[in-house]
Amino acid sequence: MSSKVPSELKYAKSHEWVRIDGDIATVGITDHAQHELTDVVFVELPAVGRKLAAGEACAVVESVKTASDIYSPAAGEVTAVNDKVSGSPNLVNDQPYGDGWFYKLRLSNPAEVQQLLTAADYSKSIGG
Amino acid sequence: MAGGAGRGAMLTHPGGDLLASRPVYMLKRTPLFAAHQRAGGKLIEFGGWEMPVQYSSIVDEHLAVRRAAGLFDISHMGEVRLSGAGALRFLNQLLTNDARKLGVGQGQYTLMCNPLGGVIDDLYAYRLGELDYLLIINASRIEPDVAWMESQLAAWPDRASLSLQNVSDSLGAVALQGRAARAFIDAALPGRVTGGAAVSRLDGLAKNQVVAWDAGELGSLIIACTGYTGEDGFEVIAPAPSIEGVWTRILAAGHPHCCQPAGLGARDTLRTEMGYPLYGHELDEQTTPIEAGLGFFVALEKGDFIGRTPLATQKTDGVKKKCVAFRMVGKTAPPRPQYPLWSAGAPAAPVGQVVSGTQSPSLECGIGMGYVPPSLSAIGTPLEVEIRGRRWPATVVKKPIYVAPPR
């Protein structure tokens, strides 16, 4: 299986991706994760304004058979959530790196994200 | 209607890590294991077996079965053969339904209870010949079932008049389910009837009928018009070495009819839409068929059988818990097994628990079954399902939860 792993993003071992834009990070789940889950039917997002620690369980993604926790790849305050994905959870399957994003975070420590996996390292971790 | 495996074999992992790895070792494999790997099946642990949960996607396979046809590996299920002059009398002592109603070539859904009325297993009993019966039991229950049957037989005065044989390891089985199945079953498995129902073709089988079928090089098959999805279809039992040939031929003949392999995930969503029980969820040794809403399959009028006294009392005096089907109101997360059930608006404590729950691919909403006090079991009763600490509205609905639109 060849999952897409865009090179400009950072990744967590637990299958979240992060797109950095200054001190704002956008978070979603990887193509590999959505492919393994298949049929995403429900997404629960954190409240705007919530302060998250790195590694904190902050969202839930549910397929027909499984409920899975999403861990924040970095610490910060939630500045926006993707209402579109709550209404159409299949966006997680269709556009995991696009309209299927979960939430945006104002990073407490932008340097922290440098510790996340590169695309090459994440690819390796999923046997790609 | 008899299900797959069950106890301790949940398909769901509420709140688990994303793609948490499930240990897969020491698991039994069916003779179709290699075929599943070739077909890209995603393999999971289920009742001690390594089984395909899905090939393409659960929703895709579910809808294929509702619209055309799907083929399931059910080789993990167990088979027990009973034969001899005393087989019928023993079966009627062992099981809750009345086996005297079975003509040659017929099958019936039935249950095996302990003396307190608790369910040891739910199963299908087929009468293949005058004195020849086949029981199809749940994969996860083969060992306790056979041990129970053997202990009952050892204590049975007339034990010399019958033989009981666990033939689970020597047989494989598949379920072809869906409205298109009848159009290609004979093309897939050409052969001739050698026993059972008086039909000349497989597409002549009516609901619950069964035949012994000589399929040439594939050997002697047992083919029944039964299933676990609510759709028309057939269950095919074959000698283990032949089951891959059966699988391949059905898929080839079914290809123009949009038949595709389907995994345990779709099997579970399909049976849940029908309100069918799965052992380990709706049924266990502490739950009776009456509580599970299966009183129709408890034939009190046939005379004594194991569990009759407590079951008769429950039929007359009522039960303390009852299995209900429910549907979530509006858009919610899917209900899952073990989520607490609440009486709508009542603050004190949960009134019961979800035992089966999923997103319904046909209805596109959350559905499930759970146990509640009888006072909350009437159709239309508002309930609430607690999902991650929040309570969401649900309504008690009639079974089946999903009814196919008229066509």
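Strands here are DSSP runs of E with at least two residues, and helices are runs of H or I with at least four, both numbered from the N terminus. With that in hand, here's a quick tour of chain B, which comes from a predicted model. Chain B carries eight helices and 21 strands. Its radius of gyration is 21 Å, close to the 22 Å that the globule rule gives for 407 residues, so the chain is as compact as a globular protein of that length.

**Overall build**
- Lay a box along the principal axes and the C-alpha atoms of chain B fill roughly 65 × 50 × 45 Å.
- Of the 407 residues in chain B, 60% are buried.
- Take the contacts in chain B with a separation of 6 or more: 66% of them link residues 24 or more positions apart.
- The accessible surface of chain B is about 15500 Å², and carbon and sulfur atoms own 54% of that.

**The five-stranded sheet and its helix**
- Chain B has an open, antiparallel sheet of five strands, in the order 6-7-8-5-9.
- Strand 6 (106–113) and strand 9 (163–166) of chain B sit at the edges with a single partner strand each, so one side of each has no neighbour in the sheet.
- On average, neighbouring strands of this sheet are turned by 25° against each other, ignoring direction.
- Strand 5 (residues 78–83) of chain B pairs with strand 9 of chain B through four bridges, in the antiparallel sense.
- If you want a register marker, B:Val80 stands opposite B:Asn166, which is in strand 9 of chain B.
- Helix 4 (residues 142–154) of chain B lies across strand 5, strand 6, strand 7 (119–129), strand 8 (132–137) and strand 9 of chain B.
- The angle between helix 4 and strand 9 of chain B is about 165°.

**A buried leucine in a loop**
- B:Leu32 belongs to the loop between strand 1 (16–17) and helix 1 (33–38) of chain B.
- Loop or not, B:Leu32 has 0% relative accessibility and counts as buried, because the cut-off for that label is under 20%.
- What does B:Leu32 touch, leaving aside its neighbours within four places in sequence? Its contacts are B:Asp73, B:Ser75, B:Val174, B:Ile243, B:Glu244 and B:Trp247.
- B:Leu32 and B:Gly172 are 140 residues apart along the chain, yet 8.3 Å separates their C-alpha atoms.

**Backbone spots to look at**
- B:Asn208 is a residue other than glycine with a positive phi, near 75°.
- You'll find B:Asn208 in the loop between strand 11 (192–196) and strand 12 (210–214) of chain B.
- Is B:Asn208 buried, partly exposed or exposed? With a relative accessible area of 22%, B:Asn208 is partly exposed.
- B:Glu364 also isn't glycine, and its phi is positive too, near 55°.
- The loop between strand 18 (352–360) and strand 19 (365–372) of chain B holds B:Glu364.
- A relative accessible area of 66% makes B:Glu364 exposed, because that label starts at over 50%.
- Where is there a cis peptide bond? One joins B:Lys399 and B:Pro400, with omega about -5°.
- B:Pro400 falls in the segment after strand 21 (390–397) of chain B.

Notes
Residues are numbered from 1 along each chain as its sequence is written. Chains are lettered from A and ligands numbered from 1 in the order in which they are written. This is a predicted model: local features need pLDDT of at least 70, side-chain atom pairs count only at pLDDT 80 or more; totals for chains, interfaces and linings use all residues. Side-chain values use heavy atoms; hydrogens and water are left out. Buried means under 20% relative accessible area, exposed over 50%, partly exposed in between (1.4 Å probe, protein chains only). Contact means heavy atoms within 4.5 Å. Two strands pair if DSSP finds at least two bridges between them. Axes are lines fitted to C-alpha atoms, for helices over the stretch in contact, and angles run from 0 to 180 degrees between N-to-C directions. The radius of gyration is taken over C-alpha atoms; the globule rule is 2.2 Å times the number of residues to the power 0.38. Accessible areas come from the Shrake-Rupley method with a 1.4 Å probe; for residues, only the protein chains shown count as cover.
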